[in-house]
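Please open the model in your viewer and keep the sequence panel beside it. The stops below say what to select next and what is to be found there.

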Amino acid sequence: MLTKGYIGSYTKKDGKGIYRFELDEQVGRIEAIETGYEVNASTYLSQFQDTLVAVTKNSERAGLATFKIHEDGSLTSTGECLESIKGSGCYVAVSPDGAYVFEAVYGDGVARIYQLDHENHQVSRLIEEVYHEYTPGPNVARQESSHVHYLDVTPEQKYVVAVDLGADLLVTYHYGNKGLDVAHRTQLQPGDGPRHITYHKTGHYAYVVNELSNTVVVMRYEDGRFTELERHLTIPEDFLQPTKLAAVHLSHDQRYLYISNRGHDSIAIFKVLDDGARLEQVDIVSSGDAFPRDFNITSSDDYLVVAHEQGDSKVTVFKRDKENGTLHLVDETHQAAEGVCVKFLA
């Protein structure tokens, strides 16, 4: 069984933009990694049907690039929507109905909503960009202003939530053709530096990962509101070197949660308990290279693939034990320079 995927990358040094790869799940090895499309600063990708959306920028403007996905996974460019003079995004997502695209802009603290014409594989217009100007957190080096690191829909698809690393804040928005309208705000602990969210399939629990405090917070979710239930470190308590948390993903069977740590260069594994209300740490394993910026889990739940931004930029493959959630390294033969996003072709 061959599983196709993409890796988005920085293009500051040797990164090419969008890479293509195929994972042979019979043997747990990546067959090859090749350049899928050279596009500037394509650090995050999102798919809707046969449309791929990527963040990008040029020397003057920032926004999104779109591509038609062919059956073999190859890409044809269908255009760009570069309507902002501010910085390029760090996260992009498409609404479940394919009508909207959401982009989070870290540097300038911006949440953007676009209209997507998915039949023509194009972003047709920028609807609105909202600038966060909230009170910054206490980390002087990283929280000097708002930094939006994530913008995506909630389980019931009624809202989108912006995760503001700079302000330790979750901002819930109504969304639509008129743009974004604030519904609720949830404050996290000072200095947490929240980065991403993933939700349990029941829709009642969210897992918010904090880049600066290296913690995962289990939160009850209801109608756009979040309430903290418990929190866990994602690194060993005695690890004192610089490190910061990165990506979070649930296994498709919802039994295990995985989180990557950059600096400690590891994947933390947690067992999901009480229908999503609690977590229990299982293990913390080496990711196989430096700065595991992102990873993803195959639809079969058999393999976890990690992209590393630094070191040798290895793409490492781990076999998952579905019963106990543990990981076993099975392939580290390929590289994707400056790789920072992993997506499997749905």
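Two strands are said to pair if DSSP finds at least two bridges between them, and the strands themselves, numbered from the N terminus, are DSSP runs of E with at least two residues. The model is predicted, so local features need pLDDT of at least 70 and side-chain atom pairs count only at pLDDT 80 or more, while totals for chains, interfaces and linings use all residues. Residues are numbered from 1 along each chain as its sequence is written, and side-chain values use heavy atoms, with hydrogens and water left out.

**First stop: strand β17 and its partners**

Select residues 205-210, which form strand β17, and then add residues 194-199, strand β16, which pairs with β17 in the antiparallel sense over 5 bridges. Within this pair, Ile197 has Val208 of β17 as its bridge partner. The two strands form a hairpin with 5 residues between them, and Gly203 in the turn has a positive phi of about 80 degrees.

On to residues 215-222, strand β18, which is antiparallel to β17 and is joined to it by 6 bridges; here Asn210 is bridged to Thr215 of β18. This hairpin has 4 residues between the strands, and Asn214 takes a positive phi near 50 degrees.

Is β17 enclosed or open to the outside? Because 6 of its 6 residues are buried, β17 is largely enclosed by the rest of the structure, where buried means under 20% relative accessible area, exposed over 50%, and partly exposed in between, with a 1.4 Å probe and protein chains only. Tyr205, Tyr207 and Val209 are buried on one side of the strand, and Ala206, Val208 and Asn210 are buried on the other.

**Second stop: the nonpolar cores**

Now select Ile18, Val101, Leu170, Ile197 and Phe226, the residues with the most contacts inside the largest nonpolar core, which has 61 residues. A nonpolar core is a set of buried Ala, Val, Leu, Ile, Met, Phe, Trp, Tyr and Cys residues joined through side-chain atoms within 4.5 Å. The largest share of this core, 5 residues, comes from strand β13, residues 159-164. A second, separate core of 15 residues includes Val209, Leu245, Ile259 and Ala277.

Centre the view on Ile197 and leave aside its neighbours within four places in sequence: among its contacts (heavy atoms within 4.5 Å) are Tyr150, Leu170, Val208 and Phe226.

**Third stop: the open sheet and Ala41**

An open sheet of 4 strands comes next, with the order β4-β5-β6-β7 and antiparallel pairing. Its edge strands, β4 (45-48) and β7 (75-84), each pair on one side only. Inside the sheet, β5 (residues 51-57) and β6 (residues 62-69) are paired over 7 bridges, and Val55 has Leu64 of β6 as its bridge partner.

Select Ala41, in the loop between β3 (29-38) and β4, which is buried, with a relative accessible area of 8%. Ala41 and Lys57 are 16 residues apart in sequence, yet 6.5 Å apart in space, C-alpha to C-alpha.

**Last stop: Asp302**

Finally, select Asp302 in the loop between β24 (292-297) and β25 (303-308). Leaving out residues up to four places away in sequence, Asp302 touches Glu25, Phe318, Lys319, Arg320 and Lys322.
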